[in-house]
Every structure is written in structure tokens, then in C-alpha cells.
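Here's a quick tour of this protein, from the overall fold down to one pair of helices. Have a look at the model first, then read on.

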Amino acid sequence: MQAARVVSIVALLGVATVIGRTYSLAEFGVYGLTLSFASYVLFVQGSVQAAAVREIAHATTQEERDRAFTTTVAAYVVLGGLAGLLIAGVGNAVLGVFDIPAALESEARLGLVGLALVTLVGWPLTIFQNVFHGTQRFGLAAVVEIGGYVTFAAVMSVLVLAVGAPLWVVVAAGGSIPVCSGLAGAVQFLRLREPFRLRPATASVAYTRHFGGFSLSVLLTAVTDIVIYSLDRAILAAFRGASAVGLYEAAVRPQQLIRVLQGTLVVTVLPASSRYVAEDDRARIRELLLRGTRYVVAATVPIIVTFIVFSADILELWLGERYTGAATAMAIFVASWILGANTGVAGSMLWAAGRMRQRLIYAWVVAALNLVLSLLFTPLWGLEGVVLGTTVAYTLALPLFLYYVVEAFPITVGDLARSAWLPGYSLAGGLAAVLVGIQAVGPLDSPAWVVAVCIAAPLAYWATYYRLFLSQPERAFFRQLLSFRGHGGGSRGVPG
């Protein structure tokens, strides 16, 4: 799965680079703004996916497998159709609110129609990936995901660089990842003759209600992403115009990279912790939470620190000098994950423990704070204001999240501080001091130096962490993991 996430990150950043360097700031802003309409409904797909994976994982008989498969496909078809109507209808209805150049307005409207059609086709195809995740064949799921993202990147590059396609076609293709991954999944599903079939006779009102109940809980949490990320684009466009959204796209992509990385690291936590909770295995629950959080902090914090210190250099190397105006915003945005690294493992475990109410409260507190702060800060500080609203919201809500975690699991805040925070953040402080010193000596005057520092800094952090803070069993575990011999039993959780 980690390899698939690396490929997805490279693909998404590559596509953003091609579009950002080819189009104007306003065109890049229109691309990001119109795609955000698709993300307004994407959380619905994610909620169905969570319920599907859970139900497929629980299925033990052929009837149960067919029931889960059939219910999921039906949900995707119905909700995908509604999502397409919302993207095309509501999207075009509200588009006039934003400060979009007249020459680009028709491109945006056609792009929304294209996105609607892509959504209608792509959502049902997601079922094949759900089957692979639900049956815990993460390697196969990774192969499918890699194929999907490679295809997506190739299609987008051809459209932009070789064909010179109209912007609306590029916008529509920008939402085609579910189609690309779904088709790759369908090929593998048919090749392996998976034991899942569409059998409407297996469906029932009671099961649909059960399926929908869990999906609704996930949906109500995921809705907050609209407020936290997608609505930020609308707020910024309303106050500062499409060009400001173009700079926002530059600032948000590195933050999304960190988010994807964290998601990759915790992808197996939900099925593993669900089993531990079912078995009331408190020792493993505690171990998974503490060590998992410790490893996520150690894996992400050095990248975050590097991105903060060298934000301007990274943006200039990546998209060009005209995007360096987003450097401060990028640094603020990425900084939200310094503390946010603590929420990945524990958040998945709260779902496993059935603490849906607590997850919902936390998510909506963050969303409400973000909306209020963004509306206050954006008129004052523009791009920096809207991203500051997000970072401050997450920071203010973290104590509430930790309260829920300590209440649910056999740990204390002191346990987290000793296990994850002390080693991870103390070493991050040292890394930050070194990088600031390098920056103070003088700007990195060549792309090669920027790349070298951005690679060397996290590697130096991880090597030092390995020597100073990992026990012998943990070192053995990671040596085995890196040699690709340890994946067979990884689902049980943690080393030692």
C-alpha cells in the first residue's frame, strides 16, 4: 500500500505541476475551483466505501458476500447519479458567485458537466477496490491503485501537453481517478474470478438500514472536509478571485501529500483494531495506539519541518517563481500536521471502538472553527488568512480529540508524551534548527541543492531516530519490513 501511495502522490503532484506550469494562475484557479465541486460530494463515496469494506470483511458465507456486494453497487449507482446531478446542476447555478474571468466561465461550466458524467461512471467501479480491501489483499489493491494513478497521470499529461485540450476537458479528466482505478480493478476482479456476485435477491431492508447506518456516521464526519478544504476555495474566490485560488492550489498540494502519507501509514489500523476491540485485547489496543502514533509522528514530522523551512524554494522548483507568493500559506498549511500526526491511528481506532459520536463531535468542532476563522481572516490576510483558519482550528480542537482518546482506550496523555511526542518532537526541533541555519547561510541557488536538502533532511532524521529511540525488537522489525520479508504477518499490528 505504501508503494501505491507514493505513486499516487507522484502522479497528483506531477499532474498539478504540468497544469500549473502550462496554464495561467486564473486557469489553474478555475481548474481547482471546479474540481472542488466534485470533492463536495466525494465524501459520500468515501462513506459508502467505509461501509462496504467493513461489511465485506465481516462476510463469511456466499450469501453474505453477495449481499454486501449487491448493496454496495446499488448504493454507488444511486448516490453516484445524485452526485452527478448536484455537480452539474448546483455547480453551474452558483458559479456566477465567484470572480471568474468571462473568458473562462464557459470552460468552467462545461467542465462541471464533464465531471458529473465522470462521477456517474466512476463511483460504481469503486466496488472492485472495496472487495480487495475488505478481503485484506492490500498488495493486490495496491497494484490496482498504481495502475489507476499511472493511467490518470498519462491521460492528463497527453491532454495538456500533447493534445492541448480545452480547459473543460482537462477539468473533466481531473475527476477520472475512480474510473481509471475502477477499470484496473475490474480487470483483476474478472481475472481472479472473485466470489462476489450481483444478486438482488440477497438484499433486504434490514441489511440496507444496517449498511446505511454505519455509512451515515462516516458521511457526517467526512462532510467536514467540505468546510475545511473545499469551502476554503469558495471563500477565497469570493474575496480574492480565481488567481488567489491558483495560489491556494500551490499551497494545498504539499499539505495533501502529508495527509496522503498519514492515510497510507494507518490504512491497516481499522481492521486490526476492530479485531482487538472485538476480542477485548486491551494490551494490543494500547500497544497499537502508542506505537502506531509514535511511528506516524516520526514518519511525517521531518517532512513537515523541511516543507515549512524551504517552502519558497520548493514552490519555485516545483511550479515556478510566480507561485512563491504562496510560500507562507504553504508553511502554515503544512504546519497543521505537526500536531495532526497524532490523529491518524487514534482516529481509526475510535471508529473501531464504536465511538462514532465522539468522532462526529470532534470533526464538526474543527469544521465550525475553520469556517468562522476563515471568514474572519480571509478579508484581512487573503490566502494566508484562509489557511490560517484551518491550522488554528485543528490546533484548538486537539485537546478535545485527546480527551476522547484517553476516555476510550487504556492510555494517558503522559503515555503519548513519553512514547511519541518526546522522541519525535525533540528531534524535529533539532532538525528545524539545522535547516534554519542552512537557510540563513544563503538561499539554495540551484534545483539540485533544493532536492538534495529535501531528501537528506528526513533521511538524517529517520537514521537518528532509528539509532536513538527504537528498541532492538523495533529495529529488527523495520529491517525485516524494509527487506520485504515481513509483510505476511503485518496485520497483527506492532513489533516486539
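## Buried or not

A residue counts as buried here when its relative accessible area is under 20%. By that cut-off, 53% of the 496 residues in the protein chain are buried. Keep in mind that what you're looking at is a predicted model.

## The overall fold

What is the chain built from? Its secondary structure adds up to 21 helices and 0 strands. The radius of gyration comes out at 22 Å, close to the 23 Å that the globule rule gives for 496 residues, so the chain is as compact as a globular protein of that length. If you want to picture a box around the C-alpha atoms, make it roughly 55 × 55 × 40 Å along the principal axes.

The chain also has plenty of contacts to sort by sequence separation. Take those between residues at least 6 apart in sequence: 84% of them join residues at least 24 apart.

## Zooming in on H19 and H20

Now for the helix pair. H19 covers residues 413–441 and H20 covers residues 447–469; their axes come within 11 Å and cross at roughly 140°. That angle makes H19 oblique to H20, and the crossing is right-handed.

Which residues meet there? On the H19 side they are Ser 419, Pro 423, Gly 424, Ser 426, Leu 427, Ala 428, Leu 431 and Leu 435, and on the H20 side Val 453, Ala 457, Tyr 461, Thr 464, Tyr 465 and Phe 469. Sorted by class, this contact has 10 nonpolar residues, 4 polar ones and no charged ones.

Methods: Residues are numbered from 1 along each chain as its sequence is written. This is a predicted model: local features need pLDDT of at least 70, side-chain atom pairs count only at pLDDT 80 or more; totals for chains, interfaces and linings use all residues. Side-chain values use heavy atoms; hydrogens and water are left out. Axes are lines fitted to C-alpha atoms, for helices over the stretch in contact, and angles run from 0 to 180 degrees between N-to-C directions. Helices (H or I, at least four residues) and strands (E, at least two) are DSSP runs, numbered from the N terminus. Angles under 35 degrees count as roughly parallel, over 145 as roughly antiparallel, 65 to 115 as roughly perpendicular and the rest as oblique. A crossing is left-handed if the near helix is turned anticlockwise from the far one by less than a right angle, and right-handed if clockwise. Contact means heavy atoms within 4.5 Å. Ala, Val, Leu, Ile, Met, Phe, Trp, Tyr, Cys and Pro count as nonpolar, Asp, Glu, Lys and Arg as charged, and the others, Gly among them, as polar. The radius of gyration is taken over C-alpha atoms; the globule rule is 2.2 Å times the number of residues to the power 0.38. Buried means under 20% relative accessible area, exposed over 50%, partly exposed in between (1.4 Å probe, protein chains only).
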